[in-house]
Amino acid sequence: MLRNSSSRAVSGEGEEMRKGGNMSSRDFPEDVLMEILARLPVKSLMRFKCVSKSFYALITKPCFITKHLTSHNPHRGAILRRGKGSERPRFLSPPNETQELEVHVSYRPRLSRLSNETLELSEDVDLSQLFQDEVSGVQMLGPCNGILCLAGSLKMTKDGDLQPGYEMVLWNPATRESKMLPPMDMPTSTFTSNFGFGFDPKTNDYKVIRILNFDFRQCKVEVYSLGTNSWRVIDSSPDPSLFIKLPRFPSCLNGVHYWWACEDYYDEGPRHFIAFDMSNEVFQELLPPPRRGFYLEDIAVFNDSVTLILPSGNIGESWIEIWVWNESGVESTWTPGFAIRRIHPYWRLIQLREDDSAVLTDEDNYLVLRHYGTEETRNLQIVEAGFSQLVTYTESLTLLNGSGNALEQQATS
């Protein structure tokens, strides 16, 4: 009822203004108007910003941006990355006789918008509008409050050398606003590079973490802050002997980012569970779960919980177990959650969804939707999905550019 009345109220004001009437947003109490507008999708609000100065001022208020994001916002979108990602950190250094460089051979990366309800493709995203240079791979980090962080690995040079670097971009897919992060210093010695992205609830700021590992003997950690638009080195760092896996799924919850790590490059040996507090900027190693799977494991935030994805199987049968990190008791524990059973050995999990379903890639690199209760499977008719990431984001008006960070202003508004 309120949603219908909000549409009539807003469209009515626009119509009156077009006819030269005297009606304006000031005819509504601001708290009522905010309540109405907070229920609308971002696309509509972007249009209403052009209706009048008063609408523009209201919709760009930090307090309204927060209200729109947190008022049980039902508006969702989805972004699919196909083609090459960067799921293993690359060794980066000037090539020499002893340095082994891992070079992914794959097709060009593609970002596409999907309907989160039907998972139908709507349009491709123009990467040249996001990155300054052509990139050979894109890794999506997040989303966090509707914002994605994109790590674009730079292409090879004409001589076939691997360029030692990434371009990092913050992107609001709902408003289509993006922000290129400042260039990062590139060490001259051999290193691997890993990233994380999340929100610091104490300072109301978005942060990007960059972990540099120098030959598994020393780590250097840099943190980018949207509020200051700069990188800085911090004192805390993870164990340099660990090989940290770049996250394929959303990995930040309640101001803490999580990674999965092992003791060598080939994912052999004991597993380690690492956390980084966005506010205190300190790393911590947590209790690892029992090792059960024989494929690669992943960490994912799902249904407001940290989960471990364990592909498992035996002769003739494969499945994926989902374990949940439980911190409610005196001691933190891993507990079994659910499983996606009777799947093909070469199927790979792409996304866990809230309707008891999951998106996977099949043996022919098609995306398939699998209901893990009924085990019903539907081919989504999306091809070339072998190196995919799929994320669902909540529509947000969060500002990335302009006069200050909107989230920074929220703390004082």
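A disulfide, for the purposes of this talk, is a pair of cysteine sulfur atoms within 2.5 Å, and by that rule the count in this structure comes to zero disulfides. Please keep in mind throughout that what we have here is a predicted model. As for individual cysteines, cysteine 50 counts as exposed, at 69% relative accessibility, whereas cysteine 262 counts as buried, at 1%.

Let me turn from the cysteines to the charged residues. Side chains of opposite charge can pair when their charged atoms come close. How many salt bridges does the count come to here? The count comes to 15 salt bridges, and I will go through a few of them.

I start with strands β3 and β4. Aspartate 124 forms a salt bridge with arginine 110, and the closest N and O atoms of that pair are 3.1 Å apart. Because aspartate 124 lies in strand β4, residues 121-125, and arginine 110 lies in strand β3, residues 110-114, the pair ties together parts that are 14 residues apart in sequence. Aspartate 124 is partly exposed, with a relative accessible area of 45%, and arginine 110 also counts as partly exposed, at 31%.

There is another salt bridge to look at in these strands, in which the side chains of glutamate 123 and arginine 113 meet at 3.2 Å, N to O. Here glutamate 123 belongs to strand β4 and arginine 113 to strand β3, so the pair ties together parts that are 10 residues apart in sequence. Is arginine 113 buried or exposed? At 10% relative accessibility, arginine 113 counts as buried, while its partner glutamate 123 is partly exposed, with a relative accessible area of 32%.

The next pair is aspartate 200 with lysine 207, a salt bridge whose closest N and O atoms are 3.0 Å apart. Aspartate 200 is buried, with a relative accessible area of 1%, and lysine 207 is buried as well, at 5%. This takes us to a network of salt bridges, which links Asp200, Lys207, Arg232 and Glu281.

Staying with charge, but moving to the surface, I would point you to a negative patch formed by Asp304, Glu354, Asp355 and Asp356. Of these residues, aspartate 304 is found in the loop between β18 (298-302) and β19 (305-314), and aspartate 304 is exposed, with a relative accessible area of 68%.

Now a word on the backbone. Most residues other than glycine have a negative phi, and most peptide bonds are trans. Which residues does a cis peptide bond join in this model? Glycine 142 and proline 143 are joined by one, with omega at about 10°, and proline 143 lies in strand β5, residues 135-144. Asparagine 204, in the loop between β9 (191-200) and β10 (205-214), has a positive phi, near 55°. Asparagine 229 has a positive phi too, near 50°; this residue is in the loop between β11 (218-225) and β12 (230-234), where asparagine 229 counts as partly exposed, at 32% relative accessibility.

I will finish with a contact between distant parts of the sequence. Isoleucine 59 sits in helix α4, residues 53-59, and counts as buried, at 2% relative accessibility. Although isoleucine 59 and leucine 397 are 338 residues apart along the chain, their C-alpha atoms are separated by 8.5 Å.

How values were computed. Residues numbered from 1 in each chain as written. Predicted model: local features only at pLDDT ≥ 70, side-chain atom pairs only at ≥ 80, totals over all residues. Heavy atoms only, no water. Patch = residues over 30% accessible without salt bridge, like charges linked within 9 Å, V, L, I, M, F, W, Y side chains within 5 Å. Areas by Shrake-Rupley, 256 points an atom, 1.4 Å probe, with all protein chains shown as cover. Salt bridge = Lys/Arg side-chain N within 4 Å of Asp/Glu carboxyl O. Lys, Arg positive; Asp, Glu negative; His and termini not counted. Charge placed at Lys NZ, Arg CZ, Asp CG, Glu CD. Helix = DSSP H or I, 4+ residues; strand = E, 2+ residues; numbered from the N terminus. Buried < 20%, exposed > 50% of the residue type's maximum accessible area, 1.4 Å probe, protein only.
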